[in-house]
Amino acid sequence: MRTERNKDGTYNVWLSREEYRAIPRAANSFEHEIAIRLMGDCGLRVTEVLGVTPANISRMDDGRHYELEVTNGKDTTGSYQGGKQRETWLPVEVEATINRYVQQADLRDNDPLVGRSKRTVQYWVENAADRAADETDNDDYRRVSTHDLRRCWANHLLVEENVSPRIVMALGGWSSYDAIEPYLAAPTEGNIIESMSAVEL
């Protein structure tokens, strides 16, 4: 885990996927876990999590994968009423977790999955991260914010999985490469060895 202190005293945290997984595992409830995973496994902003309903989930054309429609995305241009719309990747495992929760909570198609405030969801992440810190004996977890979950998602796709930046931009709702650059951590030694060992120089 790498942390970087900001001028205002907050931190940016870069988590590996294994480090990230400790946070949803430490969630207090199904609802908390789903909120966390929508950020860490789907790349949603905390405000976007609040707009997700069961109706936003659909099966893709191949019949095996799922996508999630984000209807209240961040709009820096002011051109979209209610926010920008996009589709992002919904992992099958996350879809199954959401489906179990929808059945358990008896939610209707247009009911929010997370009917809470932004600050409440931030509090859930802080609590789960605190428990992860206790369980792993790693106090850096106490610095994790909701935004770090989105950062982890983007960094994993771009650096660890070598997904095209254009695809990550489309899934995450970024309009330019400059917008996603701050989400990247420096390559690890393992990344460098894997990438460069096959190169002839």
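Arg-21 and Glu-18 lie three residues apart in helix α1 (residues 17-25), so about one helical turn separates them. The model examined here is predicted. In it, a salt bridge joins Arg-21 to Glu-18. The closest N and O atoms of this pair are 3.4 Å apart. Arg-21 has a relative accessibility of 39% and counts as partly exposed, because that value falls between the 20% and 50% limits.

The overall architecture can be set out briefly. The protein has nine helices and five strands. Read from the N terminus, the order of elements is β-β-α-α-α-β-β-β-α-α-α-α-α-α. Two strands therefore open the chain, and six helices close it. Along the principal axes, the C-alpha atoms fill a box of roughly 55 × 40 × 35 Å. The radius of gyration is 17 Å. A compact globule of 201 residues would have a value near 17 Å, so the two agree.

Burial and contacts were then computed for the protein. Of its 201 residues, 43% count as buried. The exposed area is about 11200 Å². Carbon and sulfur atoms supply 45% of that area. Contacts were also sorted by separation in sequence. Among those between residues at least 6 apart, 59% join residues at least 24 apart.

Salt bridges number 16 in the structure. Besides the pair in helix α1, one of them joins Arg-119 to Glu-126. Here the closest N and O atoms are 3.3 Å apart. Arg-119 is partly exposed, at a relative accessible area of 44%. Glu-126 is partly exposed as well, at 33%.

A further salt bridge pairs Asp-130 with Arg-142, with 3.6 Å between the closest N and O atoms. This pair links distant parts of the chain. Asp-130 belongs to helix α5 (residues 118-136), while Arg-142 sits in the loop between α5 and α6 (146-160). The two residues are twelve apart. Asp-130 has a relative accessibility of 29% and is partly exposed. Arg-142, at 39%, is likewise partly exposed.

Some salt bridges share partners. Through such sharing, Arg-17, Glu-33, Arg-37, Asp-41 and Glu-93 are joined into one network. Within this network, Arg-37 was examined further. Arg-37 lies in helix α2 (residues 30-40). Its relative accessible area is 9%. Arg-37 is therefore buried, since the limit for burial is under 20%. Contacts of Arg-37 beyond its neighbours within four places in sequence were listed. They are Tyr-20, Pro-24, Cys-42, Glu-93, Val-94 and Thr-97. Glu-93 thus appears among the contacts of Arg-37 and in the salt-bridge network.

Aromatic pairs were searched for across the whole structure, and two were found. One consists of Phe-30 and Tyr-101. Their ring centres are 6.1 Å apart, and their planes meet at 75 degrees. The pair is edge-to-face, because an angle over 60 degrees earns that label. Phe-30 is in helix α2, and Tyr-101 is in helix α4 (residues 92-105). They are 71 residues apart, so the pair links distant parts of the chain. Phe-30 is partly exposed, with a relative accessible area of 22%. Tyr-101 is buried, at 10%.

The other pair is formed by Trp-153 and Trp-174. It is stacked, with 6.2 Å from centre to centre and 25 degrees between the planes. Trp-153 lies in helix α6. Trp-174 lies in the loop between α7 (165-172) and α8 (177-180). The pair therefore ties together parts that are 21 residues apart in sequence. Trp-153 is buried, with a relative accessible area of 6%. Trp-174 is also buried, at 8%.

Charged groups also sit over aromatic rings. The charged end of Arg-143 is placed over the ring of Tyr-11, 3.9 Å from the ring centre. The charged end of Arg-151 sits over the ring of Trp-14, with 5.2 Å to the ring centre.

Conventions
Residues numbered from 1 in each chain as written. Predicted model: local features only at pLDDT ≥ 70, side-chain atom pairs only at ≥ 80, totals over all residues. Heavy atoms only, no water. Helix = DSSP H or I, 4+ residues; strand = E, 2+ residues; numbered from the N terminus. Buried < 20%, exposed > 50% of the residue type's maximum accessible area, 1.4 Å probe, protein only. Contact = heavy atoms within 4.5 Å. Salt bridge = Lys/Arg side-chain N within 4 Å of Asp/Glu carboxyl O. Phe/Tyr/Trp six-rings, centres within 6.5 Å; stacked < 30°, edge-to-face > 60°. Lys NZ or Arg CZ within 6 Å of the ring centre and 35° of its normal. Rg over C-alpha atoms; globule rule 2.2 N^0.38 Å. Areas by Shrake-Rupley, 256 points an atom, 1.4 Å probe, with all protein chains shown as cover.
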